[in-house]
Amino acid sequence: SSTTDWAVVAVEIIPAALGASASKESMASKVSDAEIGVSLSKAIENEAVLRSAALPDKFELLQAYPNPFNAGTTIEYALPEQSRVKLLVYNIRGHEIVRLVDGVESSGVKKVFWNGKNQNGLYISSGVYFIRLYVGGQVFTQRLSLQK
């Protein structure tokens, strides 16, 4: 899975925005260091608010889609902090079919696509399966239906 982290790292002042014939001296009189500092502070503050809003507030296994599925399904889960994660698929008898994730992952909402294959790369038969997410000392389970 891939995520994009971003931050404001610079503020560019374009002379054309201050007037086509603006000299360095006239630009200095139009935009003070204090105004630039305030703008940069606001941009950093806004970035921090956006970043905190984007992070989940709890561990969660979100609804897989599509479900029922045929060619594959997307499984999403939320991590409020960097965590050790195990995401497994079990059959109705409780046998592990495939281990989709087993490692440490950064915070955020993660997506994993499962193509309906077992650990050996073979397609499994139609039926009921269970996704089980182990994270943060908790276990989340969700029912999936594979229909061919």
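Colleague: How many of the nine residues of strand S3 are buried?
Modeller: This is a predicted model: local features need pLDDT of at least 70, side-chain atom pairs count only at pLDDT 80 or more, and totals for chains, interfaces and linings use all residues. Residues are numbered from 1 along each chain as its sequence is written, and side-chain values use heavy atoms, leaving out hydrogens and water. Strands (E, at least two residues) are DSSP runs numbered from the N terminus, as are helices (H or I, at least four), while buried means under 20% relative accessible area, exposed over 50%, and partly exposed in between (1.4 Å probe, protein chains only). S3 is mostly covered, and its count of buried residues is seven.

Colleague: Which residue of S6 stands opposite Val 85?
Modeller: Two strands pair if DSSP finds at least two bridges between them. S3 and strand S6 (residues 127-135) have seven bridges and pair in the antiparallel sense. Opposite Val 85 in S6 stands Val 135.

Colleague: And in S4, which residue is the bridge partner of Val 85?
Modeller: S3 and strand S4 (residues 96-105) run antiparallel and are joined by eight bridges. In S4, Val 85 has as its bridge partner Gly 103.

Colleague: In the turn of the S3 and S4 hairpin, which residue has a positive phi?
Modeller: Four residues lie between the two strands of this hairpin. With a phi of about 90°, the turn residue is Gly 94.

Colleague: Asn 91 is in S3; is it buried or exposed?
Modeller: Asn 91 lies in strand S3, which covers residues 83-91. Contact means heavy atoms within 4.5 Å. Beyond four places in sequence, Asn 91 is in contact with Ile 97, Val 128, Tyr 129 and Phe 130. The relative accessible area of Asn 91 is 17%, so the residue counts as buried.

Colleague: The side chain of Asn 91 reaches the backbone nitrogen of which residue?
Modeller: A polar contact is a pair of N or O atoms within 3.5 Å; within protein, one must be able to donate a hydrogen and the other to accept it, and residues adjacent in sequence count only if both atoms are side-chain atoms. At 3.0 Å, the side chain of Asn 91 reaches the backbone nitrogen of Arg 93.

Colleague: Which strands stand at the edges of the open sheet?
Modeller: Three strands form this sheet in the order S1-S2-S5, with antiparallel pairing. Each edge strand has a single partner, so one side of each is left without a neighbour in the sheet. The edge strands are S1 (60-61) and S5 (108-114).

Colleague: What is the relative accessible area of Glu 76?
Modeller: Glu 76 lies in strand S2 (residues 73-79). Contacts of Glu 76 beyond four places in sequence include Glu 60, Tyr 65 and Lys 110. Glu 76 is buried, because its relative accessible area is 14%.

Colleague: How far apart in space are Pro 66 and Leu 146?
Modeller: Pro 66 sits in the loop between S1 and S2. Pro 66 is partly exposed, with a relative accessible area of 44%. In sequence, Pro 66 and Leu 146 are 80 residues apart, but C-alpha to C-alpha they are separated by 9.9 Å.

Colleague: Which element gives the most residues to the largest nonpolar core?
Modeller: A nonpolar core is a set of buried Ala, Val, Leu, Ile, Met, Phe, Trp, Tyr and Cys residues joined through side-chain atoms within 4.5 Å. The largest has 23 residues, and those with the most contacts inside it are Tyr 77, Leu 87, Trp 114 and Leu 133. S2, S3, S4, S5, S6 and strand S7 (138-146) each give two or more residues to this core. With four residues, the element that gives the most is S6.
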